[in-house]
Amino acid sequence: MRKVLISAVYFLSVGAFAQSKELSQTWDLLLNNKRTEARTFYDKNLKESKTKNLESLFLDALIEEELGEMVFDDTFIKNFISLKPEADYLYPMSHRKFILNESDASMDDYSYARIDLLAQAPEYGQESTILECKSTIDRLRNNYKASEESIAKIHRIDKWQFAGVFENLNGSGLYNDYEPETYANNDKLFNANSFGKVGWYNRKSPSNDGFDFFLNETEYGRGITYAQSFIDNPYERKIFLEIDTNAEFRMFLNDSEIVSSTNEGQTNLGSHIVEVNLPKGMNRLLLKFDVKDAKNAFMVVPMDANYQKIIDLKYFSNYQNYQKTSLNQLQPKELPLRFETFLKEKIKQNPDSFFYKYLLASGYLNNSQNELAREIIDEFSRKYPKSSLIQGLFVKYYDNTEEGEKITEIFKNLELDDSGYYLVPIIKMLDGKKFENMPIKELEKYRDILNKTKGKPMGEFYDVIIALRNREMDKVQEHLTSLKKNFANNEKFFTIFTALEEMDKKRSERCDKKT
């Protein structure tokens, strides 16, 4: 019996080692822009492990994405749920097309199906990101009751009072002391410098979103806005506060600062978690934001030390008598996010794994922890200097840091180093004026590049332009019908079609004037 057991362990170990080696070889092919070879090698050696191993499942979908696949059904999500990996994997992966996609990407029919499946899964359905997405799609489907139920499950702080907007001259306002920081009552007005006099106010209607947006406040332009909530806590305890925002901020509890978006000279606009002792009784939580535009928003979720959402706190948006508490009593401590702690441990256990490092870099970029991401990306780039997959990480980094010229440079190098990459023709479409005036031979050249990839359906955008130029309206309609079918009713694309037709109309008018 012992010999049988030893043999079984041996063969399992050998099998795991062989699979690890084959995964590494597949990654290496993909990172050297040998995407077709990676697909072939994977299908020969790893295809059967796709539904048994998370890295294999992820790699399979990533190869498809790098080959140019634009539309993903719910297959990946179904397999992911069946594998039941830790929820900590979800956030670093979430921005891939086969999961939730980028936050500014448009929805298609499969987007709804993927979110519905994740929301129904016990392992992931209570994650704030999934609940927020579920609420959004239900609202789009006019199912307002279900949308509100998803928001309620987040258990965020939902009672806020606001003050602002205050002057933010040269971006210095976040560290200028304004009176709302220590005066919580709404019985007086504050000096907002060039913005006049402002006071504490309650919004007329509550947010129907998980996030509170600064829609009206941005009418004044960039400025400082405060948000305060009064929290009644039945007993003293240690809690975690998860702050999710895309704005620079400082947070105060009972008039003591406990966390900010800038730490040791690095600014992170994404989520933060701070551990703090919450005193028994009434507490005042204050947030101070540098609000730049209407996209700025925030959400705060209290959790216990096991990351379970706290449901017995009471919130008030009007002034309550509260206690003042020192930092020594509060003992605030900023914690790494869950995905970061989880993946760092995985890397410690698997120091040669590209998979875990790639997920960690992706998670950092998703959360705008840009400098931490950059360290990992630079390490990748030294080994794979011309990898289009790694250049994609650089694009995300420079997008986060608002360095558009660097992105333009990367796009130019992509065409030189990897001319057959599906993104090259798509990048050409982003420059509207050049695309509008591109000679037909060039249009055909870039269409043919797409036609050799899994992005072939996208090539029909070029076919539409060519047909419009040639006044072949029957062909235009054929291609538009095909695009609608191939892109699963993608909402954004069909606003583009209208723009294309308008573009041709203007071109026609110019031609008529010349003749």
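These exercises, each with a worked solution, concern a predicted model.

**Exercise 1. Helix α3**

Task: Find the span that helix α3 (residues 54–66) should have at 1.5 Å a residue, and check it against the end C-alpha atoms. Then decide how enclosed α3 is, and describe its two ends.

Solution:
- Step 1. Helix α3 has 13 residues. The expected span is 1.5 Å times one less than the number of residues. That gives 18 Å for α3.
- Step 2. The end C-alpha atoms of α3 are 18 Å apart, in agreement with the expected span.
- Step 3. Buried means under 20% relative accessible area. In α3, 13 of the 13 residues are buried, so the helix is largely enclosed by the rest of the structure.
- Step 4. Look at the start of α3. A side-chain oxygen of asparagine 53 comes within 3.0 Å of the backbone nitrogen of glutamate 55.
- Step 5. Look past the end. Glycine 68 follows α3, with a positive phi near 110°.

**Exercise 2. Helix α6**

Task: Which residues of α6 are buried, and against which helices do they pack? Start with the length of helix α6 and the polar contact at its start.

Solution:
- Step 1. Helix α6 covers residues 109–120, twelve residues in total. From first C-alpha to last it reaches 17 Å, close to the 16 Å expected at 1.5 Å a residue.
- Step 2. At the start of α6, aspartate 108 offers a side-chain oxygen. This oxygen lies within 2.9 Å of the backbone nitrogen of tyrosine 110.
- Step 3. The buried residues of α6 are Ser111, Tyr112, Arg114, Ile115, Asp116 and Leu118.
- Step 4. These buried residues pack against α4 (75–83), α5 (90–93) and α7 (128–140).

**Exercise 3. The pair α11 and α12**

Task: Describe how helix α11 (residues 354–366) packs with helix α12 (residues 370–383). Give the hand of the crossing, then the contact residues and their classes.

Solution:
- Step 1. The two helices, α11 and α12, pack at about 145°, and their axes are 8 Å apart.
- Step 2. The crossing of α11 past α12 is left-handed.
- Step 3. From α11, the contact draws on Phe354, Lys357, Tyr358, Leu360, Ala361, Tyr364 and Leu365. From α12 come Asn370, Leu372, Ala373, Ile376, Ile377, Glu379 and Phe380.
- Step 4. Sort the contact residues of α11 and α12 by class: eleven are nonpolar, one is polar and two are charged.

**Exercise 4. Helix α13**

Task: How many of the 13 residues of α13 are buried? Compare the span of helix α13 with expectation, and name what follows the helix.

Solution:
- Step 1. Helix α13 runs over residues 388–400. Its 13 residues should span 18 Å at 1.5 Å a residue, and the end C-alpha atoms are 18 Å apart, which agrees.
- Step 2. Ten of the 13 residues of α13 are buried, so this helix is largely enclosed by the rest of the structure.
- Step 3. The buried residues of α13 are Ser388, Leu389, Ile390, Gln391, Leu393, Phe394, Val395, Lys396, Tyr397 and Tyr398.
- Step 4. Glutamate 402 follows α13, and its phi is positive, near 60°.

**Exercise 5. Threonine 218**

Task: Place threonine 218. Is threonine 218 buried or exposed? Then list its polar contacts and neighbours.

Solution:
- Step 1. Threonine 218 sits in the loop between β5 (212–213) and β6 (223–233).
- Step 2. The relative accessible area of threonine 218 is 17%. The cut-off for buried is under 20%, so threonine 218 is buried.
- Step 3. The threonine 218 side chain reaches the backbone oxygen of leucine 215 at 3.0 Å. A polar atom of that side chain also lies 3.3 Å from the backbone oxygen of phenylalanine 214.
- Step 4. Leave out residues up to four places away in sequence. Threonine 218 then touches Val291, Lys292, Asp293 and Ala294.

**Exercise 6. Backbone geometry**

Task: Locate asparagine 142 and tyrosine 307, and state phi and accessibility for each. Where is valine 165 found, and what is the peptide bond from glycine 164 to valine 165?

Solution:
- Step 1. Asparagine 142 lies in the loop between α7 and α8. Its phi is near 65°, positive in a residue other than glycine.
- Step 2. Exposed means over 50%. Asparagine 142 has 53% relative accessibility, so it counts as exposed.
- Step 3. Tyrosine 307 lies in the loop between β14 (297–303) and β15 (314–316). Phi of tyrosine 307 is positive, near 65°.
- Step 4. Tyrosine 307 has 25% relative accessibility and counts as partly exposed.
- Step 5. Valine 165 belongs to strand β1 (residues 161–166). The peptide bond from glycine 164 to valine 165 is cis, with omega near 15°.

How values were computed:
Residues are numbered from 1 along each chain as its sequence is written. This is a predicted model: local features need pLDDT of at least 70, side-chain atom pairs count only at pLDDT 80 or more; totals for chains, interfaces and linings use all residues. Side-chain values use heavy atoms; hydrogens and water are left out. Axes are lines fitted to C-alpha atoms, for helices over the stretch in contact, and angles run from 0 to 180 degrees between N-to-C directions. Helices (H or I, at least four residues) and strands (E, at least two) are DSSP runs, numbered from the N terminus. A crossing is left-handed if the near helix is turned anticlockwise from the far one by less than a right angle, and right-handed if clockwise. Contact means heavy atoms within 4.5 Å. Ala, Val, Leu, Ile, Met, Phe, Trp, Tyr, Cys and Pro count as nonpolar, Asp, Glu, Lys and Arg as charged, and the others, Gly among them, as polar. Buried means under 20% relative accessible area, exposed over 50%, partly exposed in between (1.4 Å probe, protein chains only). A polar contact is a pair of N or O atoms within 3.5 Å; within protein, one must be able to donate a hydrogen and the other to accept it, and residues adjacent in sequence count only if both atoms are side-chain atoms.
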